[in-house]
There are 2 protein chains.
Amino acid sequence: MNDILTFVDQNRDRYIGLLQTACRQPSISTQGIGVLEMAELARRMLTEAGAEARLSPIDGGNPVVVGLVRGTGPRVLNLYNHYDVQPPEPLELWHSDPFGAEIRDGRIWARGVADNKCHLVARICAVDAWRQVRGQLPLTVRFIAEGEEEVGSPNLERWVHDHRAEITPADGCIWEGGGRDFNGRIRLSCGLKGICYVELTSARGANTDMHSSRATIVPNPLWRLVWALGTLKGPDERIQIAGFYDRVLPPTAEEQAALDAVPFDEANFLQTFGLDGFLLGLSGRDLKLKDMFQPTCTVCGLWGGYTEPGRLKTVLANRASAKVDFRLVPDQDPHEVARRLRAHLDAHGFADIEVQVLAAEHPARTALDAPIVRAVQTVVRRLHGHEPMTVPLTPGSGPMYVLCQALGIPAVSSPGGGHPDSKGHAPNENIYVEDYVNAIKGMALLFEEFAKTQT
Amino acid sequence: MNDILTFVDQNRDRYIGLLQTACRQPSISTQGIGVLEMAELARRMLTEAGAEARLSPIDGGNPVVVGLVRGTGPRVLNLYNHYDVQPPEPLELWHSDPFGAEIRDGRIWARGVADNKCHLVARICAVDAWRQVRGQLPLTVRFIAEGEEEVGSPNLERWVHDHRAEITPADGCIWEGGGRDFNGRIRLSCGLKGICYVELTSARGANTDMHSSRATIVPNPLWRLVWALGTLKGPDERIQIAGFYDRVLPPTAEEQAALDAVPFDEANFLQTFGLDGFLLGLSGRDLKLKDMFQPTCTVCGLWGGYTEPGRLKTVLANRASAKVDFRLVPDQDPHEVARRLRAHLDAHGFADIEVQVLAAEHPARTALDAPIVRAVQTVVRRLHGHEPMTVPLTPGSGPMYVLCQALGIPAVSSPGGGHPDSKGHAPNENIYVEDYVNAIKGMALLFEEFAKTQT
């Protein structure tokens, strides 16, 4: 394998350049900016690396970029990525152009560089390196790169249904993302939380904004929204929707043991993010248990009325909205949560609040001793010289259930380019150049390692 | 008096021209446009009408235009006006230049023509007519025209403190504004609600926006704001701040009787504003009592996190704000309300919520049988041939407490140029030319009537 790793080192500038090219192409699915251009760019990069690649169209959605690299051995490895990114706003907080991919202080700075273009491109580069050095891969690799992950993969379930034969069977799937923790230790994740993301709107006020003096007798949609939200969760953090916790599975003994093995540098985390303390004053095992195995209910956005900071306008507005996301754990069902939310609002006197479901994804998990998990652990030991931290669940969400669990494919994240200050979804997203180069090497090693697996 | 009224009719074109001149001079205090020019124009108009007029500077603010017209009798009448106007935006909705003062369909169209240049200029013209016909007024008149009413009169309290000797004693004050209701009946107002307008900010989360999956363990300023607001008022509309209602005076028997005499077409109101019903299902007397004599707590604006309608971003934001206005009734104190709000938040575990006070004005009221009120009522009967509707309180706010009640000066609005479709603060602001001419006559009559008053 040293020949391939050496080849990666010799080609590092070219590989870094490929990542910069990918980052300089905006692909903001939320805003419909540059998405098709990025899909085409990913297809071209895959083709140039030697894959049979094409855009698989989705009616009313962004195409899935599919790439097939046939190998010599029987094993089949799926690689899930997404080529879309979050919006870069607020722009004024960026220290360099979010689509400039500037290299500064050993890092590449760009929207989407961590989440998840570095992984998509590193995996393409790993194929390139293998083929340049050895001619052929020891296993078959399938790239599945969607363009709607950042908007909740609304069409992927349908796409998987229609393309099941193309993406199965597979012996394992490497999920998007992955990286180091505060101590530099690689973290692997065997599952994802699910999500139910809704927009709540209160608009049963007057047919026009009014002078706020009329608030004596005219209903105020902003108050209605505040009160409705207040029934969902109070400062004790317990979500008040009836039946919300019914399907929450307690962690298995193995998962608890895995969690216990995960260090969490609380002081460092608090200092990095400028916090006085954690929610509810938690620490230690309770903190970790809540972080990994508990669902959430989060107000992600809130707006209505006059919003010019520091200025005065006395208005009784007629519309207000909030975005709320519920992060779900096995075996909660996002569609059931949406139904229970509607029933909750009705039962609490808020039938006037409209609910629009913007995303619904099931939680997913893989057994901690699956062959793909063991193969990735072996690679980390070889490349990084340490035992990776393998966690049962990552608090983020994604279509892992649809693409893996529902198809019987074990999935795990890769030793990728992320780090604790990567700022995914936030201004000044970044990765370290060296982590990116190592991500390429790790994937190249995994091709060899997983090809050897007896399943 | 007929000689003076005839003089007004003979000079109507000149008086209309003066109003157009005033309206063609922008004076937008919010945007700092044309304010000093307008102050100087008002001073010149006052001087030409025979007043001793000057600009009284305010450190860091717009000058007050002060005009003194000495009369033969002992009575002293103050006239409060403001020479600033609201911004004209949105410009595209105007049918003619907001600063063109075009006359069309019997109306003058201009930003500020109703609020409140027609009153300022009509009062100057009334002085002019008196002096031209009789040489001298029968009472002393003081003009006090400020240039910051549309931004909440932030410096007027200080100015009054420093110039008390100049504006007292006075036997009565005629307030800015006034006019006809839907039925053409003149409405007089003997008071104003006060206001405490605050911006609440929750910003004690992380030092950056984070991925919403971190909501398991990281505090969410949006939730903090929602919960804090929820402690202020619930769906029963009762404001929960301790002591908030302590100073609320019940309406006097006379005020209740006056309120009973005020018609309120509920069906028409509901239909006009597309409402199913009034707050709390109120109607009849209860509705009117709440509208006029109860304070409010209104969320006027709300913002934080990701606010793009219909789109998905899973963010744990680190800042959220709300604008809240409290409309106050006699004898509530806006500064006390701000202090009680702070104490309330602290006591309910929301010491982290910042409070910025953007406006604070006391409520004000005048006894319904004050001589100045009676004098204006007499003028309305003579000029308009009907009994005016005299209301104890107008739900809007203004510096009436500072300029009148605190100085022991009874105040009432005048039979002015406003009408229900005047569109103050909105595009296509206008008054009827005939209402303006009548406003001049009404003020000329009031000089005579109030001069006769025994106080």
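**Exercise 1. A small sheet in chain B**

How many bridges join strand S5 (residues 107-109) of chain B to S20(B), and do the strands run parallel or antiparallel?

*Solution.* Note that this is a predicted model.
- Step 1. Three bridges join S5(B) to S20(B), and the two strands run antiparallel.
- Step 2. Pick out one pair. B:Ile108 has B:Ile431 in S20(B) as its bridge partner.
- Step 3. Widen the view. An open sheet of three strands appears, in the order S4-S5-S20 of chain B, with antiparallel pairing.
- Step 4. Find the edges. Strand S4 (102-104) and strand S20 (430-432) of chain B are the edge strands, since each pairs on one side only.
- Step 5. Check the twist. On average, neighbouring strands of this sheet are turned by 25 degrees against each other, direction ignored.
- Step 6. Add the helix. Helix H4 (residues 113-134) of chain B lies across S5 and S20 of chain B. H4(B) runs at about 50 degrees to S20(B).

**Exercise 2. Strand S7 of chain B**

Find the two strands that pair with S7(B), and say which way its residues point.

*Solution.*
- Step 1. Take one partner. Strand S3 (residues 76-82) of chain B pairs with S7(B) in the parallel sense, over three bridges. Here B:Asn78 has B:Cys173 as its bridge partner in S7(B).
- Step 2. Take the other partner. S7(B) is joined by three bridges to strand S19 (residues 411-413) of chain B, and these two run parallel. B:Ile174 has B:Val412 as its bridge partner in S19(B).
- Step 3. Recall the rule. Side chains in a regular strand alternate between the two faces of the sheet.
- Step 4. Look for that pattern in strand S7 (residues 172-175) of chain B. B:Gly172 and B:Ile174 point one way, while B:Cys173 and B:Trp175 point the other way.
- Step 5. Ask about burial. All of these residues are buried.

**Exercise 3. Where the chains meet**

Describe the contact between chain A and chain B.

*Solution.*
- Step 1. Count the residues. Chain A gives 70 residues to the contact and chain B gives 67 residues.
- Step 2. Locate them on chain A. Elements that each supply at least two residues to the side touching chain B include strand S10 (191-202), helix H7 (221-232), helix H10 (284-293) and strand S12 (298-305) of chain A.
- Step 3. Find the main contributor. S12(A) gives the largest share of this side of chain A, eight residues.
- Step 4. Sort by class. The side of chain A that touches chain B has 34 nonpolar, 26 polar and ten charged residues.
- Step 5. Look at the strands. S12(A) pairs with strand S13 (residues 298-305) of chain B in the antiparallel sense, over five bridges.
- Step 6. Point to one pair. A:Gly305 stands opposite B:Gly301 in S13(B).

**Exercise 4. Backbone oddities**

Which peptide bonds are cis at A:Pro90 and A:Pro169, and what is phi at B:Glu237 and B:Leu280?

*Solution.*
- Step 1. Go to A:Pro90. The peptide bond from A:Glu89 to A:Pro90 is cis, with omega near 0 degrees. A:Pro90 sits in the loop between strand S3 (76-82) and strand S4 (102-104) of chain A.
- Step 2. Go to A:Pro169. A:Thr168 and A:Pro169 are joined by a cis peptide bond, with omega about -10 degrees. A:Pro169 lies in the loop between helix H6 (164-167) and strand S7 (172-175) of chain A.
- Step 3. Move to chain B. B:Glu237 is not a glycine, yet its phi is positive, near 70 degrees. B:Glu237 is in the loop between helix H7 (221-232) and helix H8 (253-260) of chain B.
- Step 4. Judge its exposure. B:Glu237 counts as partly exposed because it has 18 C-beta neighbours inside 10 Å.
- Step 5. Repeat for B:Leu280. Phi is near 65 degrees, again positive in a residue other than glycine. B:Leu280 is in the loop between helix H9 (266-272) and helix H10 (284-293) of chain B. With 14 C-beta neighbours inside 10 Å, B:Leu280 counts as partly exposed.

**Exercise 5. Chain A as a whole**

Work out how compact chain A is.

*Solution.*
- Step 1. List the parts. Chain A has 14 helices and 20 strands.
- Step 2. Compare the radius of gyration with the rule. Chain A has 23 Å, close to the 23 Å that the globule rule gives for 455 residues, so chain A is as compact as a globular protein of that length.
- Step 3. Box it in. Along the principal axes, the C-alpha atoms of chain A fill a box of roughly 80 × 45 × 45 Å.
- Step 4. Check burial. Of the 455 residues of chain A, 55% count as buried.
- Step 5. Check the contacts. Among contacts in chain A between residues at least 6 apart in sequence, 80% join residues at least 24 apart.

Terms used
Residues numbered from 1 in each chain as written. Chains lettered and ligands numbered in written order. Contact = placed C-beta atoms within 7 Å. Helix = DSSP H or I, 4+ residues; strand = E, 2+ residues; numbered from the N terminus. Nonpolar A, V, L, I, M, F, W, Y, C, P; charged D, E, K, R; others polar. Pairing = 2+ DSSP bridges. Buried ≥ 20, exposed ≤ 12 C-beta atoms within 10 Å, placed from the backbone. Rg over C-alpha atoms; globule rule 2.2 N^0.38 Å. Axes fitted to C-alpha atoms, helices over the stretch in contact; angles between N-to-C directions.
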